[in-house]
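This report describes a protein model together with the molecule placed in it. The reader is invited to keep the sequence and the structure in view while following the text.

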Amino acid sequence: MSFLIAPSILSADFARLADEAASVRGADWLHVDVMDNHFVPNLTLGLPVVQSLRAATDIPLDCHLMIEDPDRWAIGYAEAGAYNVTVHAEAVRDPITTAVDLRAAGAKAGLSLKPGTDLDDWIDVLPHYDTLLVMTVEPGFGGQSFMPEMMDKVRRARRMVQTGHLRLVVQVDGGIAPDTIAEAAEAGADCFVAGSAVYGSADRAHAVAELRRLAET
Ligand code: DX5
Ligand code: ZN
């Protein structure tokens, strides 16, 4: 299996985003956490910053929308050139239309599940999606502890991909670090978001390479 490593700029220096994007050499996606202080109790950045970031870096942008009313906003991120746009199951009103529109706008469509959200309730819409994000913390903040109890959700998603029922990147986000990534990979995740584990490291390229090595072993 080939693994995707997606450093999260939530833990980067927001005043130096172009340099911070360039510092994660070897990464596959750059994870961009959009928070609106309504869906989650934190506020980060929005469309203008993503537009500027798109112009400043070649790395594919993976926009994780932790916002209310994502149906209204998601397409704008696709049009801004995001590679993957993920909406939250708990916030999206019309998940199929949003996924269809994202794909029509040229982006991959992602659906994210908070820790308390059951995968079974979303299986019918997942054929319209490219990415399933299994949150391994409560969304809102970087630097929280990985929730190993989410691995059952990852395992079930991987099984559905293996049996041909779904075609999905299975992404995990929250607490992914050298001591947790192997467990998530073993459960079946193939895309790993890591904020503090990458941006908290002095040598970001090395941190990315090390996470990849640990996922592969
Ligand atoms: C949390 C965000 C994450 C965050 C992860 O709500 O979705 O992407 O950046 O940070 P770490 O890797 O530090 O847990
Ligand atoms: Zn995220």
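In an unreviewed UniProt entry, the annotation "binding site" covers His31, Asp33, His64 and Asp173. These residues span 143 residues in sequence, yet no two of their C-alpha atoms are more than 10.6 Å apart, so they gather at one spot. The structure discussed here is a predicted model, and the annotation is taken from the record.

The unreviewed UniProt entry also gives the feature "active site", which it places at Asp33 and Asp173. This pair is spread over 141 residues of sequence but clusters in space, with a largest C-alpha distance of 10.6 Å.

**The annotated residues and their surroundings**

Where in the fold do the annotated residues Asp33, His64 and Asp173 lie? Asp33 belongs to strand β2, His64 to strand β3, which comprises residues 61-66, and Asp173 to strand β7, which comprises residues 169-173.

Are these residues buried or exposed? A residue counts as buried if 20 or more other C-beta atoms lie within 10 Å of its own. Asp33 is therefore buried, with 24 such neighbours. Asp173 is buried because it has 26 C-beta neighbours inside 10 Å, and His64 is buried because it has 28.

The contacts of these residues, leaving aside neighbours within four places in sequence, show how they are connected. His64 touches His31, Val32, Asp33, Val34, Thr86, Ser112, Leu133 and Asp173. The contacts of His64 thus include His31, Asp33 and Asp173, which the record lists with it under "binding site". Asp33 is in contact with Ser8, Leu10, Thr44, His64 and Met66. Asp173, in turn, touches His64, Leu133, Met135, Thr136 and Val193. His64 is therefore a contact of Asp33 and also of Asp173, and each of these three residues is buried.

**The shell around ligand 1**

Which residues come nearest to ligand 1? Of the 22 residues around ligand 1, they are Ser8, Leu10, Gly142, Gly195 and Ser196. The elements that give two or more residues to this shell are β2 (30-35), β8 (191-194) and α7 (196-199). By class, the shell consists of 8 nonpolar, 12 polar and 2 charged residues. Ser8 and Leu10, named among the nearest residues of the shell, are also contacts of Asp33.

**The fold as a whole**

The protein has 8 helices and 8 strands. Its C-alpha atoms fill a box of roughly 45 × 40 × 30 Å, taken along the principal axes. With 217 residues, a compact globule would have a radius of gyration near 17 Å; the 16 Å of the protein agrees with this. Of the 217 residues, 47% count as buried. Residues 24 or more positions apart account for 59% of the contacts with a separation of 6 or more.

The largest nonpolar core has 70 residues, of which Val85, Val134 and Phe192 touch the most other members. Beyond its neighbours within four places in sequence, Val85 is in contact with Cys63, Leu65, Ala74, Tyr77, Ala78, Leu102, Ala107, Ala109 and Gly110.

**Loops and the end of the chain**

Most residues other than glycine have a negative phi. Two residues of this model, Asn37 and Asp69, have a positive value. The table gives their angles and the places where they are found.

| Residue | Phi | Location |
|---|---|---|
| Asn37 | about 65° | loop between β2 and α2 (47-56) |
| Asp69 | near 55° | loop between β3 and α3 (70-79) |

Asn37 is partly exposed, with 13 other C-beta atoms within 10 Å. Asp69 also counts as partly exposed, with 15 C-beta neighbours inside 10 Å.

Thr217 is found in the segment after α8 (204-216). Thr217 is exposed because 9 other C-beta atoms lie within 10 Å, and 12 or fewer make a residue exposed. How far apart in space are Thr217 and Ala185? The two residues are 32 residues apart in sequence and 8.9 Å apart from C-alpha to C-alpha.

Methods:
Residues numbered from 1 in each chain as written. Chains lettered and ligands numbered in written order. Predicted model: local features only at pLDDT ≥ 70, side-chain atom pairs only at ≥ 80, totals over all residues. Near = placed C-beta within 6 Å. Helix = DSSP H or I, 4+ residues; strand = E, 2+ residues; numbered from the N terminus. Nonpolar A, V, L, I, M, F, W, Y, C, P; charged D, E, K, R; others polar. UniProt positions renumbered as here; feature names shortened; annotations may be inferred. Contact = placed C-beta atoms within 7 Å. Core = buried A, V, L, I, M, F, W, Y, C linked by C-beta atoms within 7 Å. Rg over C-alpha atoms; globule rule 2.2 N^0.38 Å.
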